[in-house]
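Trainee: Please take me through a close look at a single part of this model, and give the cut-off behind each term as you go.

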Amino acid sequence: MKRLLVLFVLVAAACSGTPQGIEVSNARVWVPPGSTTAAYFDLTNHGPGDDTLVGVESDIARAMVHRTMMQDGQMMMQPAGPVAVPVGETVSFAPGGLHVMLMDVPPLGVGDTVELRLLFEQAGTVTVEVPVVEIETP
Amino acid sequence: MPRIGFLVAIAVIAAACASPPAGTAAAPFQGMVVDPPQPKPDFVLTDTTGRRFDFRADTDGRLTLLYFGYTYCPDICPVQLAQIAAVLDQLPDVRRNTTVVFVTVDPERDTPEVIRSFLDKFDTDFIGLTGTASQIAAAQQAAGLPVATKIGDGPDYTMGHSGQVLAYTPGGLMYTEYPFGTRQTQWASDLPKLLER
């Protein structure tokens, strides 16, 4: 009976379809106009617990998590430090806020992709192939 | 008699709908209104071909969009420039009468070649200016902006800088400025009106 229950729990977990861990969506890198560019994405934490993005790596460029903010009438861009991604929440990296700054990037065009490795405290390394897109003009 | 009352009511409603809502005549722009309007600043820098560029004289009579930024900036500067390029592409009449001027706040890394290559990704007609640190500081002050500040050390330092685009009419006055986050529709609504001033 106990074995049956374990089996049932396993099957239920497998069939529930509830994703676990960190989901990276809406990821894109802008066509670099110079030696730098930015990557943006949404991070959704499906659990089981809170997590923190502690770094980003790329083989084609140096990468740093930055945050742009308004301070004393100026736009300031500074290293963001660890970024908390609480369970059940989505943290958006978007123009004018959090972004991955890529430095010393080679020329890239629309259609290229850039592999980014997102390093999380709990989830470990999450690798994403990020498409290169035109700079957004909303 | 009730019919006349009904007609009067219709007329009143029609009249109310025909006149613009209060306030629109005073503020026809979607950008951030600068009140009172500010005169075009007077400063001289060097363009990417090495020529002297007298901002006031060399943009005289043209709608002029002025932006202080730097090419190492991945997040704000490219958006502002891409927005202007995209909206000017939609408005060829405006484009013909508009000069876009980008002034680097990072002359240390932004050589004339680096600035040219960067601007060409947006529009080959955009003018890029540089100068000594003190000339560039004076240009920002002349435009009424705080002087950009260096953040961090080493090769990856960034610059804190004003993110807005300043718009000067052909008459030489700034009625509006455009912070980061200005949308295409707002640009497209304002530029033709600014051209008439």
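Mentor: What follows is a look at chain B, from its sheet to a pair of its helices and then to its contact with chain A.

This is a predicted model, in which local features need pLDDT of at least 70 and side-chain atom pairs count only at pLDDT 80 or more, while totals for chains, interfaces and linings use all residues. Residues are numbered from 1 along each chain as its sequence is written, and chains are lettered from A and ligands numbered from 1 in the order in which they are written.

Chain B holds 7 helices and 10 strands (DSSP runs numbered from the N terminus, helices being H or I of at least four residues and strands E of at least two). Of the 197 residues in chain B, 40% are buried (20 or more other C-beta atoms, placed from the backbone, within 10 Å; exposed means 12 or fewer, partly exposed in between). Among the contacts in chain B with a separation of 6 or more, 70% link residues 24 or more positions apart (contact means C-beta atoms, placed from the backbone, within 7 Å).

In the sheet of chain B, 8 strands follow the order β1-β10-β9-β4-β5-β6-β2-β3, and this open sheet has mixed pairing (two strands pair if DSSP finds at least two bridges between them). Because β1 (32-39) and β3 (52-54) of chain B stand at the edges with a single partner strand each, one side of each has no neighbour in the sheet. From one strand to the next, the twist averages 35°. Within this sheet, β4 (residues 63-69) of chain B runs antiparallel to β9 (residues 165-168) of chain B and is joined to it by 3 bridges, with L66(B) standing opposite L166(B) of β9(B). The edge strand β1 of chain B also contains P36(B), and the peptide bond joining D35(B) and P36(B) is cis, with omega about 0°. Most peptide bonds are trans.

Turning to the helices, the axes of α3(B) and α7 (residues 184-195) of chain B come within 10 Å and cross at roughly 55° (axes are lines fitted to C-alpha atoms, for helices over the stretch in contact, with angles from 0 to 180 degrees between N-to-C directions). The two helices α3(B) and α7(B) are therefore oblique to each other, since under 35 degrees counts as roughly parallel, over 145 as roughly antiparallel, 65 to 115 as roughly perpendicular and the rest as oblique. On the α3(B) side, Q83(B), A86(B), V87(B) and Q90(B) meet Q184(B), W187(B), A188(B) and L191(B) of α7(B). That contact of α3(B) with α7(B) has 5 nonpolar, 3 polar and no charged residues (Ala, Val, Leu, Ile, Met, Phe, Trp, Tyr, Cys and Pro are nonpolar, Asp, Glu, Lys and Arg charged, the others, Gly among them, polar).

The helix α3(B) also takes part in the contact between the chains, to which chain B gives 26 residues and chain A gives 25 residues. On the side of chain B that touches chain A, α3 (77-90), α5 (112-120) and β8 (158-160) of chain B each supply at least two residues, and the largest share, 5 residues, comes from α3(B). By class, that side of chain B divides into 13 nonpolar, 9 polar and 4 charged residues.

One residue across the contact is M75(A), which lies in β5 (residues 74-79) of chain A and is buried, with 24 other C-beta atoms within 10 Å. Among the residues that M75(A) touches are I76(B), G160(B), H161(B), G163(B) and F180(B).

How values were computed
Two residues are in contact if their C-beta atoms, placed from the backbone, lie within 7 Å. Lists of a residue's contacts leave out its neighbours within four places in sequence.
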